[in-house]
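Here's a quick tour for anyone opening this entry for the first time. Take a look at the sequence and the 3D view, then read on.

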Amino acid sequence: MADEQQYDYDVLVIGAGPGGYVAAIRAAQLGLRTACAESRETLGGTCLNVGCIPSKAMLHASELYDHAANGAMTKLGIKTQVELDLETMHGQRRDAVKQLTGGIEYLFKKNKVTWLKGRAAFQDAHSVTVGDQRVTARNIVIATGSSVTALPGVTIDQQVVVDSTGALELPRVPDHMVVIGGGVIGLELGSVWRRLGAKVTCVEFLDQILPGFDGDIRKESNKIFKKQGIEFKLSTKVTNVAVEGGKAVLTLEPAQGGEASTLEADCVLVSIGRRPNTDGLNLEAAGLAINQRGQVEIDHDFRTKVDGIWAIGDVVPGPMLAHKAEDEGIAVAENIAGQHGIVNHDVIPSVVYTWPEIAGVGLTEEVARERGEVKVGKFPMMANSRAKTNHEPDGFVKVIADAQTDRVLGVWCIATVGGTMIAQAAQAMEFGATSEDIAYTCHAHPTHSEAIKEAAMAVTGKPIHI
Ligand code: FAD
Ligand code: NAD
């Protein structure tokens, strides 16, 4: 075993997404000599460059446009004449990305993290090449993230058939966009272009959208999106996409088999999931292999089976979420430094940033019931004074608690500010709260968050406002 001093770095992180850049900064804060290899032109990974941030920039702008253009403001006494300036909308998206990715570069300099520009590939367990440079490190953290899953036989040309990156950049509003996959990306980016004027059809293989979310939430979201004008073809699979003269013809088949039909579109968004990035990493040279889902396996402390190699974020099992990657980044750096970095994977919130937002943390009612007896409290946003006053009646909050101990097992909501509301539920669950703890916590009035308190009161059958 080489002496520690022979290594170029104490920690080398591969990938500067929210997992990798956070791990690198925390490692440097803890006094470790740290480098981070990133092959993109800018830091921040999928999240800052082509994911969370640019999608939220388009969601925010298109939401305001929709409110103004589609009459939502007239009932507030605001008359508007609205015109879409798509290029400026794209400009503010690019600007947000530029500022935030530049911010990470500043944080690297401030914390003395060395950015090694280029693609990293393992030579052995303690050395990698980055471009034509060879670098050694006592610890290496794989944080290479994920990429779009391709649909067999469908070519993404980023003109007519696009992935999420192409769908963020469309130069004009499509007449008809077909979204393949009713998951988070399909619903967020489908909503953007529906708001800006496209007809949107969502084709989903399963019998309901948003797999993994609570059953009531899935059903209610589907109703809300339909009301907003998105058309759904559930239990349907796309078996072919033929492109000719700027138009696509999709072949659809019932998921369980049956007669095929066709659908025409001038834009097709493929959003059927993402897969871990390990191509070209040369994992074998380090003694590692991927599992059947293409992921790098880790233990509770983010260690791989090879001593000194760790892994976090989208490349490891678990939900592909930026905040999960960030928390793992902090924990892995603390573990490398000999501290006790922990992530509670039972309490990772999930948010779909549509209008209204769809959010949840913990168990779905279905899974909770499989595990034991539960009590459930629900409260409609229609009965929440702030939501009602703001003309935001859609949605509800649902609190699921253990029938014996009253401990909160899951909280789900559809509400315009659901993504912000869910933070209190996550914190309460992290502290092991009961539904009674939430019900007896004073919530400011009038706020949407009072609906969480009322749903918690409903667990024992005693909400006030319904
Ligand atoms: P990534 O962010 O994918 O970063 C990995 C980095 O590693 C990349 O920059 C890549 O270039 C680099 N890399 C890969 N291989 C190598 C190599 N061999 N050498 C050097 N560098 C390499 N999540 C949320 O929580 N909230 C959201 O609102 C949200 N919105 C999203 C919207 C879209 C359109 C998409 C696509 C994703 C969204 N996500 C969201 C998911 C989120 O972006 C990911 O979960 C998160 O970025 C994962 O972080 P990571 O650090 O594991 O990997
Ligand atoms: P997803 O897994 O959320 O949804 C994919 C959907 O496509 C599923 O409903 C699946 O049943 C369906 N599907 C799969 N194959 C199909 C086929 N052949 N035909 C029709 N439907 C098919 O994946 P996504 O929406 O691509 O998002 C990828 C990842 O990015 C997710 O893991 C998500 O966590 C992350 N993300 C998160 C956010 C957020 O947190 N707000 C936003 C965007 C993306």
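Which polar backbone atom is 2.8 Å from an oxygen atom of ligand 1? That atom belongs to A322. Keep in mind as you go that this is a predicted model. The briefing starts with the domains, moves on to the two ligands, and ends with the strands and a few backbone oddities.

**Domains**

- The domain assignment splits the protein chain into domain 1 (4-148 + 275-336), domain 2 (161-272) and domain 3 (356-459).
- Notice that domain 1 is written as two stretches of the chain, 4-148 and 275-336.
- Taken over C-alpha atoms, the centres of domain 1 and domain 2 are 27 Å apart.
- These two domains do touch: 18 residues of domain 1 are in contact with 18 residues of domain 2.

**Around ligand 1**

- Ligand 1 has 38 residues around it, and G19, E38, T46, K56 and A322 are the closest.
- Sorted by type, that shell holds 16 nonpolar, 16 polar and six charged residues.
- A120 comes in with its backbone: an N or O atom there lies 2.8 Å from a nitrogen atom of ligand 1.
- A322 also uses its backbone, with a polar atom 2.8 Å from an oxygen atom of the ligand.
- H323 takes part through its side chain instead, where an N or O atom is 3.3 Å from an oxygen atom of ligand 1.
- On its own, ligand 1 would expose 1,000 Å², and the protein buries 94% of that.
- Which elements give two or more residues to this shell? They are α1 (18-29), β2 (34-38), α2 (45-50), α3 (52-69) and α8 (322-336).
- The largest share, four residues, comes from α2.

**Around ligand 2**

- For ligand 2 the count is 22 surrounding residues, with I185, E188, E204, G273 and V351 the closest.
- I185 puts a backbone N or O atom 2.9 Å from an oxygen atom of the ligand.
- E188 works through its side chain, with a polar atom 2.9 Å from a nitrogen atom of ligand 2.
- V351 offers a backbone N or O atom, which lies 2.7 Å from a nitrogen atom of the ligand.
- Ligand 2 has 850 Å² of accessible area when taken on its own, and the protein covers 78% of it.
- Helix α6 (residues 184-195) supplies the largest share of the shell, three residues.
- By type, the shell is made of 13 nonpolar, five polar and four charged residues.
- Where does the shell come from, in terms of domains? Domain 1 and domain 2 each give at least three residues to it.

**Strands and sheets**

- Five strands line up as an open sheet in the order β8-β15-β9-β10-β11, with parallel pairing.
- Why is one side of β8 (161-162) and of β11 (231-233) left without a neighbour in the sheet? Both stand at the edges with a single partner strand each, so one side of each stays unpaired there.
- Zooming in on one pair, β10 (residues 199-203) runs parallel to β11, and three bridges connect them.
- Within that pair, V203 sits opposite K233 in β11.
- Elsewhere, β13 (residues 247-254) and β14 (residues 261-265) run antiparallel and are joined by five bridges.
- L250 stands opposite L263 in β14.
- The two strands make a hairpin with six residues between them, and G257 in the turn has a positive phi of about 95°.

**Backbone oddities**

- As a rule of thumb, most peptide bonds are trans, and most residues other than glycine have a negative phi.
- W355 and P356 go against the first habit: a cis peptide bond joins them, with omega at about -5°.
- You'll find P356 in the loop between β18 (350-352) and β19 (357-362).
- H445 and P446 are likewise joined by a cis peptide bond, with omega about -5°.
- P446 is placed in the loop between α12 (435-439) and α13 (450-459).
- Q158 isn't a glycine, yet its phi is positive, at about 60°.
- Look for Q158 in the loop between β7 (146-148) and β8.

Key
Residues are numbered from 1 along each chain as its sequence is written. Chains are lettered from A and ligands numbered from 1 in the order in which they are written. This is a predicted model: local features need pLDDT of at least 70, side-chain atom pairs count only at pLDDT 80 or more; totals for chains, interfaces and linings use all residues. Side-chain values use heavy atoms; hydrogens and water are left out. A residue is near a molecule or strand if one of its heavy atoms lies within 4 Å of it. A polar contact is a pair of N or O atoms within 3.5 Å; within protein, one must be able to donate a hydrogen and the other to accept it, and residues adjacent in sequence count only if both atoms are side-chain atoms. Accessible areas come from the Shrake-Rupley method with a 1.4 Å probe; for residues, only the protein chains shown count as cover. Ala, Val, Leu, Ile, Met, Phe, Trp, Tyr, Cys and Pro count as nonpolar, Asp, Glu, Lys and Arg as charged, and the others, Gly among them, as polar. Domain bounds come from an automatic or database domain assignment. Two strands pair if DSSP finds at least two bridges between them. Contact means heavy atoms within 4.5 Å.
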